[in-house]
Every structure is written in C-alpha cells, then in structure tokens.
Amino acid sequence: MKKFTNTYMFVYITVLVTVIAVVLTLVSTGLKPRRDRNKQAEKCQQILRAAGHDIDRSKAVDAFSNLAVPLTDDGTQYRVICADGTNGVAIRLDGKGLWGPIWGYAVLSEDGTTVKGVAFDHKSETPGLGAKITEESFMKSFEGKKLYNKDGKYVSVRVLKPGTSSEIAAENRVDAISGATITSRGVDEMMQKLVISNE
Amino acid sequence: MKKYLGPLSKDNPILVQTLGVCSALAVTAQLKPAVVMALSVTVVCACSNLIISLIRNTIPPRIRIIVQLLVVSFFVIVVDQVLQAMLYDVSKILSVFVGLIITNCIIMGRLEAFALSHKPLPSLMDGVMNGLGYGLVLVVVAFFRELLGSGTLWNYPVIPQSWYAAGYLNNGLMILPPMALILIGVIIWIKNGTIKRQL
C-alpha cells in the first residue's frame with residue numbers, strides 16, 4: 001500500500017474542501033432566485049386561499065399583486081379582496097405544533113370582528129393527525145367565526161375539544177382535531193394573537 | 001451486465017442488507033415523493049461512487065471516510081437545492097429526508113465496499129443499480145400505501161366515488177410509518193420465500 005505523509009493528507013483535504021465549497025456556493029447562488037420565487041409564490045397562494053381564492057401556485061404572484069396591498073412594512077398584514085368581493089385583512093400567524101413550527105394566515109372582515117377564512121401550514125406535523133390542520137374541512141370550520149363574545153370581550157376563535165368549556169359560545173370556537181391535542185393547542189394559541197394592528 | 005442486477009433482487013439493499021429503512025418508512029406515504037426520493041438517492045449514489053472511484057488511488061486510507069462524507073454531502077446538497085428550486089412541493093414533503101441521504105448507509109456502504117476498489121465505470125453502474133434497488137422497494141411500498149391509505153395514485157383518485165358511497169373507507173393506518181415497516185416486512189417475507197440468496 002502507498003504511504004501518505006501528513007502533509008499530503010492536509011493539503012489533500014484542504015484542496016477538496018475548497019473545491020467543494022466553491023462549487024456549492026455557485027450552485028446555491030445560481031438557484032437562489034428560483035428558490036425565493038417558490039417561497040414567495042407559496043406565501044401569496046396561502047394568503048389568497050385564506051381569502052377564499054382557489055388559485056394555482058404558478059399564477060399566485062400575479063393574482064396577489066392585483067388583489068392585495070400590504071398594510072405593514074414587515075409583511076404580516078395585507079388588505080385583500082376576498083372571493084365574495086368584500087375587503088378583508090390578512091394577518092400572519094405563527095405558532096408551535098408538536099414537532100415543529102406551524103403558521104398560516106387568517107383573513108378578517110374589515111371591522112376585525114369576523115374570520116372570513118384561514119389557511120394553515122406546518123413543517124412536520126404527523127400525517128393523518130396534526131397534519132390535518134391543512135385540510136380543507138378543518139380550515140373551513142373557521143369561516144364566519146367571531147373574535148368577540150356577546151359582551152364584546154375579545155376571546156378570539158378557540159380550538160377546543162367538542163363538549164368542553166361550554167361557557168364559550170359556538171360562534172367563538174371550532175372543534176379540535178381528535179388525536180392531535182398538541183397541534184390543536186398550537187392553533188388555539190396562534191389564534192389568540194389575532195388582532196388588526198392600528199397602523 | 002448480469003452481475004450488476006443483484007441489487008434489484010437477491011442483493012437488494014433494503015430487503016437483504018436492511019439498509020436505508022428509516023427513509024423508506026418516512027417518504028413512502030405517497031408515490032410521487034417516493035419516486036423523487038428514489039431518483040435522488042440513485043443520483044447521489046451513482047455520482048459519489050463515480051467520483052470516489054476516480055480518485056480512489058489518491059485518497060489516503062486514514063482519512064478516506066472524511067473524503068467520502070465530503071463527496072456524498074456535496075451531491076446531497078446539490079440535489080436538495082435543485083429540488084427546492086424545481087420541485088418545491090415535493091421538496092417540502094421530503095423535507096429533512098433529502099439532507100439525511102448523507103447518512104443513508106447504502107451510499108457509504110457502496111463507497112467502502114465497491115468504489116474504493118473498482119474502476120470508475122463498474123462503480124457508476126453499481127451506484128445506479130443500488131439506488132434503483134432501493135427505489136424499487138420504495139415505489140412498491142408507496143404504491144400500496146397511497147392506494148389503500150388515500151385512495152389515490154400520483155395524487156389522482158383511483159378508488160371510484162361509488163365505493164365511498166357504499167361505505168368503503170381509506171385505511172388511515174396506511175399513511176402512518178408503522179404500516180410501512182409492516183409492508184417492508186411482508187415484501188422481505190415474499191422475497192425470502194421466492195428468491196434464494198447464494199452465499
């Protein structure tokens with residue numbers, strides 16, 4: 001077997017690492033515009049879905065620029081024209097699921113009292129359980145829910161197990177997903193932060 | 001040619017060597033991500049086998065594992081970046097499992113067992129065949145899991161609506177990882193009953 005000196009090994013690995021680093025940087029930089037475009041399109045599609053529009057991702061960015069205007073500089077609130085023709089405010093939500101982050105957008109009516117629609121997404125919730133928060137039937141259950149109770153107090157839309165906390169009226173709650181307690185609680189906590197800021 | 005076909009049947013990396021099972025459980029709930037994952041592993045396995053074989057005489061044995069890891073990581077990162085840019089939806093489903101190809105024992109195993117001691121062309125073939133052998137099992141498992149778990153194939157519904165009306169239900173257990181393990185077990189069982197391995 002050939003003998004390799006320490007110097008040879010050191011130079012060998014240095015050259016290899018350098019070459020790989022340079023090529024990877026080139027690949028990453030070259031593909032960055034496409035990656036960013038995908039992320040942007042996904043965000044636009046999600047906001048539009050919360051507003052009731054069913055739009056293909058490839059057309060989402062164009063449609064978004066026609067239908068929405070930012071309300072804040074940080075990209076967390078937008079004024080959108082909903083599918084039913086009325087105006088709404090889309091608000092970014094962030095929370096914790098069982099395995100990783102969950103997030104989404106909620107579209108409120110302009111007076112900030114009624115949920116017109118939501119769209120959730122998650123990083124790594126369990127398929128068939130927590131991942132159900134992205135299913136149409138769960139997101140649909142938020143439509144038309146009120147953020148304030150009969151006394152005008154802010155309660156947001158709670159995500160609760162059917163049958164619990166009966167003091168919270170049906171218009172302020174949706175059913176949690178059975179078998180996905182932690183993810184449901186994550187959505188619940190996320191919804192508590194839902195207010196239109198006064199900017 | 002015949003000697004390269006082993007990984008597809010009697011020397012299958014998943015069924016015989018029981019390597020790469022973790023990712024096989026995680027990405028086989030649907031057909032499309034399984035196919036993309038299979039192709040990704042094939043590309044990484046073939047390319048790193050080729051490169052390691054090309055430079056095999058220059059690699060100091062004492063740092064060969066580091067060199068192998070560098071080459072494998074390089075291809076995995078490239079594949080990951082390309083998926084994020086070109087197949088965004090699938091890359092979201094595969095999430096961390098693309099990155100985890102680096103730790104897939106099939107790839108390191110082939111580098112150690114084959115590429116370090118063989119010429120480039122046979123090494124390339126060996127990599128392709130082992131990747132395909134892995135992919136074959138993934139596709140078979142994903143086929144049954146998507147068909148029985150979601151009633152779709154490649155996201156197209158194949159179970160007629162009339163079945164659901166008659167009371168047919170998708171098997172929710174199929175989309176959870178334990179069922180993938182059971183399916184792989186069944187495939188190993190069938191394989192051991194039909195194809196005898198020559199030792």
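Helix 2 of chain B crosses helix 3 of chain B in a right-handed sense, a crossing being right-handed if the near helix is turned clockwise from the far one by less than a right angle, and left-handed if anticlockwise. The model is a predicted one, in which local features need pLDDT of at least 70 and side-chain atom pairs count only at pLDDT 80 or more, while totals for chains, interfaces and linings use all residues. Residues are numbered from 1 along each chain as its sequence is written, and chains are lettered from A and ligands numbered from 1 in the order in which they are written.

Helix 2 spans residues 31–54 and helix 3 residues 64–86 of chain B, and the two pack at an angle of about 145° with their axes 9 Å apart; helices (H or I, at least four residues) and strands (E, at least two) are DSSP runs numbered from the N terminus, and axes are lines fitted to C-alpha atoms over the stretch in contact, with angles from 0 to 180 degrees between N-to-C directions. Residues of helix 2 including B:Val44, B:Cys47 and B:Ile51 meet residues of helix 3 including B:Val72, B:Phe75 and B:Val79, contact requiring C-beta atoms, placed from the backbone, within 7 Å.

Most residues other than glycine have a negative phi. B:Thr18, in the segment before helix 1 (21–26) of chain B, nevertheless has a positive phi of about 50°, and B:Trp154, in the loop between strand 1 (152–153) and strand 2 (156–157) of chain B, has a positive phi of about 55°.

Notes
Two residues are in contact if their C-beta atoms, placed from the backbone, lie within 7 Å.
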